[in-house]
Amino acid sequence: MAKKNLKNIPQGNKISEQETNANKYIKFYEFLLFDPTYRELSEKAKLLYSYLRSKIPYFEFQTKANEQGIEGTRSYRDEEGFIYCIADNAELEYLLQASEPTVIKAKKDLESYGLLLQDPVKNKTNRLYVLQPVEVANAWTHIEEIKKYRAEKEQANLKKRKQQKEKQHKAAEQPASSSNPGDLKKLSHGDLKNFSHGDLKNLSKIQSKHLKSNLSSKIQLNLSIYKEEIHNSKLPDSIKLALNDKKIDRLIYHNISVSDLFTNYELHKESVNPGQYISALDFALAIKDKIKDFAKVMNQNINNQIKFANSNQNVAANTGRKEMVPEWLQAQKEAAAAKEESGADQQALTIEQLEKVAQWYKDGYKDVNPQLMEQILQLGLLEESDL
C-alpha cells in the first residue's frame, strides 16, 4: 500500500476552553424514565441522581492522585474501599435551582428507592454513596404503556369535545327570552321584596351575561378565537390594542366579524385616524339593540367625528350665556381650539363625557350641540320624555 502524502492532510483546529465547556455533558440513565419501579421518582430526584453519579469519576481521580502523593488532592475512599461523593445542600440548591427542603426531599426519595446512601460525618458534610439499581426489569413495557396512554388521552379528548358540542347545542336551542332580564317581571311582589337592590342588579347582570353567552354560541364564535383573528388581521396595531375584551364581547354580540371590521376600516381610513375610528366604533358598540346595518351606523358615527373635528364649538357654543361650564367641558373646548390652531386632528367626546352632558341637560342646561344630542339619543342616555 502506497504511503499517504502527509503534506496534503490539513491541520486541525485548536480546541478552546469555551468549546470544551460546550461539549461537557451529564449522563442521564434511561431506567429513570422507563423502568416501572423508578419512573415515579420526582424530576429533581432523577436529576440529582444523574449529577452525583457523573461526579464519581472525579472523586475517584482525586483519590488515586492523593494515593500517588500529588499535593492539593485528598482521598474519597472509605475504610471498605468504596468511593463516595461530597456535595453539601448549598451546592445542590444552586445546581437544582431548588430550596433546601426540596433538595432534602430529593435525597430522601433516592434513599427510599435504594439509589442513595448518606453517611453522616460529625461536623462535616455527609458522605454520599450513589448506588446501582437492583430492581431494574429485564424488559421495559413503556412502548405498550405509551400506546395505551395515547389511546386513553384520545378517548378523553373525544368525550370532552362531544360534551362541548352538546353544551353549545343546548345553549343555541334555549329561547332567548329565558335569559332575558325581563323575566324579573315574573317574580311576585313578595319575591321582589326579598331581593336587595344589589341582588337584583347582580341577577340582571348574570342573566345578561348568560344571554351574551347564548348569542356567542349561536354564531359559533368565542372570545379567544375572536382575539386570535384580530391578532392575525391587518388592522393597525393601535386598533388591535384598543379592542379589549369588553369591546370584543360587544362585537360578538352584534355579530360583527373581524373581516367586517377590517373592510369597514379600510373604507374610512383616509377620512379619520385610528383614534377617531375607535371612538366611532365605541358609539356603535354601545347601542343596546343589535346593529342591523354596521356599515350605515359606522358611516354616521364617522361623519359625526369629522364634523366635530372641524368645529370649534363646545356644548354651550353660541348661547351668549354666562352660566358656569363644567371643568371637563372647558378643557375640551380649550383642547379643541389648540388643536385647530395647530392643524391636528380633534377627538370627539368619550361616552363617559356624553353621560355627563346628558346629566347636565337633565339638570336644566338645554343648549346642547345638535350633533352631540344626536349621539346622546342614539346611545339611549336620554329618553324622549327628557327633551
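This passage describes the aromatic pairs, charge-over-ring contacts and nonpolar cores of a predicted model.

Aromatic pairing was examined across the structure. A pair of aromatic rings is described by the distance of the centres and the angle of the planes. In total, 11 aromatic pairs were counted. One of them joins Phe34 and Trp140. Their ring centres are 5.7 Å apart, and the planes meet at 50°. That angle is neither under 30 degrees nor over 60, so the pair is classed as tilted. Phe34 belongs to helix α2, which spans residues 31-34. Trp140 lies in the loop between β3 (124-130) and α6 (142-173). The two parts are 106 residues apart in sequence, so the pair ties together distant positions of the chain. Both partners have intermediate accessibility: Phe34 is partly exposed at 22% relative accessible area, and Trp140 is partly exposed at 28%.

The pair of Tyr58 and Phe59 has another geometry. Here the centres lie 5.2 Å apart and the planes stand at 75°. This angle is over 60 degrees, so the pair is edge-to-face. The two residues differ in burial. Tyr58 is partly exposed, with a relative accessible area of 41%. Phe59 is buried, at 6%, because its value falls under the 20% limit.

Ring pairs also build a cluster. Its members are Tyr29, Phe31, Tyr38, Tyr49 and Tyr113. Tyr29 has a charged partner as well: the charged end of Arg53 sits over its ring, 4.1 Å from the centre. A second charge-over-ring contact involves Tyr253. Lys290 lies over the face of that ring, at 5.9 Å from its centre.

Nonpolar packing was then considered. The largest nonpolar core comprises 26 residues. Within this core, the residues with the most contacts are Tyr49, Leu52, Leu110 and Leu115. Tyr49 is also a member of the aromatic cluster. Two or more residues of the core come from each of α2, α3 (43-67), α4 (89-96), α5 (100-112) and β3. The most is given by α3, with 6 residues. Leu110 illustrates the packing. With neighbours within four places in sequence left aside, Leu110 is in contact with Leu41, Ala45, Leu48, Tyr49, Leu115 and Leu116. Tyr49 and Leu115 are thus found among the contacts of Leu110 and among the core residues with the most contacts.

Another core lies apart from the largest one. This core has 25 residues, including Leu235, Val258, Ile287 and Ile291.

How values were computed. Residues are numbered from 1 along each chain as its sequence is written. This is a predicted model: local features need pLDDT of at least 70, side-chain atom pairs count only at pLDDT 80 or more; totals for chains, interfaces and linings use all residues. Side-chain values use heavy atoms; hydrogens and water are left out. Rings of Phe, Tyr and Trp (its six-membered ring) pair if their centres lie within 6.5 Å; planes under 30 degrees apart count as stacked, over 60 as edge-to-face and the rest as tilted. Helices (H or I, at least four residues) and strands (E, at least two) are DSSP runs, numbered from the N terminus. Buried means under 20% relative accessible area, exposed over 50%, partly exposed in between (1.4 Å probe, protein chains only). A charge sits over a ring if NZ of Lys or CZ of Arg is within 6 Å of the ring centre and within 35 degrees of the ring normal. A nonpolar core is a set of buried Ala, Val, Leu, Ile, Met, Phe, Trp, Tyr and Cys residues joined through side-chain atoms within 4.5 Å. Contact means heavy atoms within 4.5 Å.
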